[in-house]
Amino acid sequence: DVGWNYLQSTLPNTIIINYGDNDTFPLWFNQEVDGVRPDVRIMNSSYLGGDWYIDEMKCKANDAEGVPFSLPRSKYYNTNEWLPVEERLNRVVEIKEVMDFVRSEDPRSKASLVDGSMTDYLPARRIALPVNKDNAIASGIVKPEDRDLMVDTVYLNITSSSLEKSQMMILDLLANFDWKRPIAFTQVYILQDLGLLDYLQFDGYSYRLVPILTPYKSSWDIGRIDPDYVYPLMMDTFRYGNLADEKVYVDYFTQYNLGVSRAREAFARVAKEFIRRGENEKAVE
């Protein structure tokens, strides 16, 4: 049911990026065994450090097209396990320019390591991701009536001294998806080092990347909420197993890892959003 909820929370043709076992295997089981949401591309960021997995993600699976990566194999096969971040440009750099820099074989695009070897690196911390508003609406990422809420540019802010290969590939995806396919995440901390927590929408279980600035206040309040989208999911679509059965004991591991706290958080947050809008009856429901 947790895997079902994650998949059903996403828009058609979504690339959903997850992390670890507990929010990977339930999604795989639903899709590969039960045939649930074959249009969704499931991408495990824990495996995204593997060159074989990057190749696999480029291929079509079920009804989902491959992930639009652009970096050649020479940039992720037995190389760039870590990508140093060295802020050598005192300006905001567009994301395609950043990835072109990483792709380059020009010696001037390399940094030296302590052992004297040379490596690719990221030349800027502030990165601009232009927003194709027409594509964002056409793909369903943003509703037409919310067009005026969209920003022209999403700004990434790299906070760590280096990025893992998996994070490098997520940057490559962001540089090439052009808002034509929704991108969702099962865990927000996948995005912390990239500075993207202010551009999310909480859809009950998954978090959708949206070009709408919503500064987060705390770890329990990340992402905007569209109650019209998430209300029918929570009331009619999502499944909660036997949690309502008093004879079933739900231990701490299940509560913490398998979505019980996520479900409670979702109900509370959506109810508060209805209250904020003055729709108290729906909040009570």
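Start by selecting helix H9 and colouring its buried residues: Val260, Arg262, Ala263, Glu265, Ala266, Arg269, Val270, Ala271, Glu273 and Phe274. This is a predicted model. H9 covers residues 260-276, which is 17 residues. From its first C-alpha to its last it reaches 24 Å, close to the 24 Å expected at 1.5 Å a residue. Move just past the end of H9 to glycine 278, where phi is positive at about 80°.

Keep H9 on screen and add helix H7, residues 227-237. The two helices pack at an angle of about 135°, and their axes lie 11 Å apart. That angle makes H7 oblique to H9. Their crossing is left-handed. To see the contact, show side chains for Pro227, Val230, Tyr231 and Met234 on H7, then Ala266, Phe267, Val270, Glu273 and Phe274 on H9. Sorted by class, this contact of H7 with H9 has 8 nonpolar residues, no polar ones and 1 charged.

Stay with H7 and select its buried residues, which are Pro227, Val230, Tyr231, Leu233 and Met234. What covers the buried residues of H7? The cover includes helix H1 (2-8), H9 and helix H10 (280-284).

Next, select a second helix pair: H4, residues 95-103, and H6, residues 165-176. H4 and H6 pack at about 130°, with 9 Å between their axes. H4 is therefore oblique to H6. H4 passes H6 in a left-handed crossing. On the H4 side, display Ile95, Lys96, Met99, Val102 and Arg103; they meet Met168, Leu171, Asp172, Leu174, Ala175 and Asn176 in H6. By class, the contact of H4 with H6 has 7 nonpolar, 1 polar and 3 charged residues.

Now go to lysine 110, in strand E5 (residues 110-112). Is lysine 110 buried or exposed? Its relative accessible area is 15%, so lysine 110 is buried. Leaving aside residues up to four places away in sequence, lysine 110 touches Lys75, Arg88, Ser104, Glu105, Met118, Thr119, Asp120 and Tyr121. Draw a C-alpha to C-alpha distance from lysine 110 to tyrosine 121: the two are 6.5 Å apart in space and 11 residues apart in sequence.

The next stop is the loop between helix H2 (25-33) and strand E2 (41-44), where glycine 35 is found. Glycine 35 has 44% relative accessibility and counts as partly exposed. Draw a C-alpha to C-alpha distance from glycine 35 to leucine 83: it spans 37 Å, for a separation of 48 residues in sequence.

Arginine 37 is also in the loop between H2 and E2. Arginine 37 is buried, with a relative accessible area of 15%. Check its backbone too: phi is positive, about 45°, although arginine 37 is not a glycine. Most residues other than glycine have a negative phi.

Finish at asparagine 80, in the loop between helix H3 (51-57) and strand E3 (82-84). What is the phi of asparagine 80? The value is near 55°, which is positive in a residue other than glycine. Asparagine 80 counts as buried, at 5% relative accessibility.

Definitions and conventions: Residues are numbered from 1 along each chain as its sequence is written. This is a predicted model: local features need pLDDT of at least 70, side-chain atom pairs count only at pLDDT 80 or more; totals for chains, interfaces and linings use all residues. Side-chain values use heavy atoms; hydrogens and water are left out. Helices (H or I, at least four residues) and strands (E, at least two) are DSSP runs, numbered from the N terminus. The expected span of a helix is 1.5 Å times one less than its number of residues. Buried means under 20% relative accessible area, exposed over 50%, partly exposed in between (1.4 Å probe, protein chains only). Axes are lines fitted to C-alpha atoms, for helices over the stretch in contact, and angles run from 0 to 180 degrees between N-to-C directions. Angles under 35 degrees count as roughly parallel, over 145 as roughly antiparallel, 65 to 115 as roughly perpendicular and the rest as oblique. A crossing is left-handed if the near helix is turned anticlockwise from the far one by less than a right angle, and right-handed if clockwise. Contact means heavy atoms within 4.5 Å. Ala, Val, Leu, Ile, Met, Phe, Trp, Tyr, Cys and Pro count as nonpolar, Asp, Glu, Lys and Arg as charged, and the others, Gly among them, as polar.
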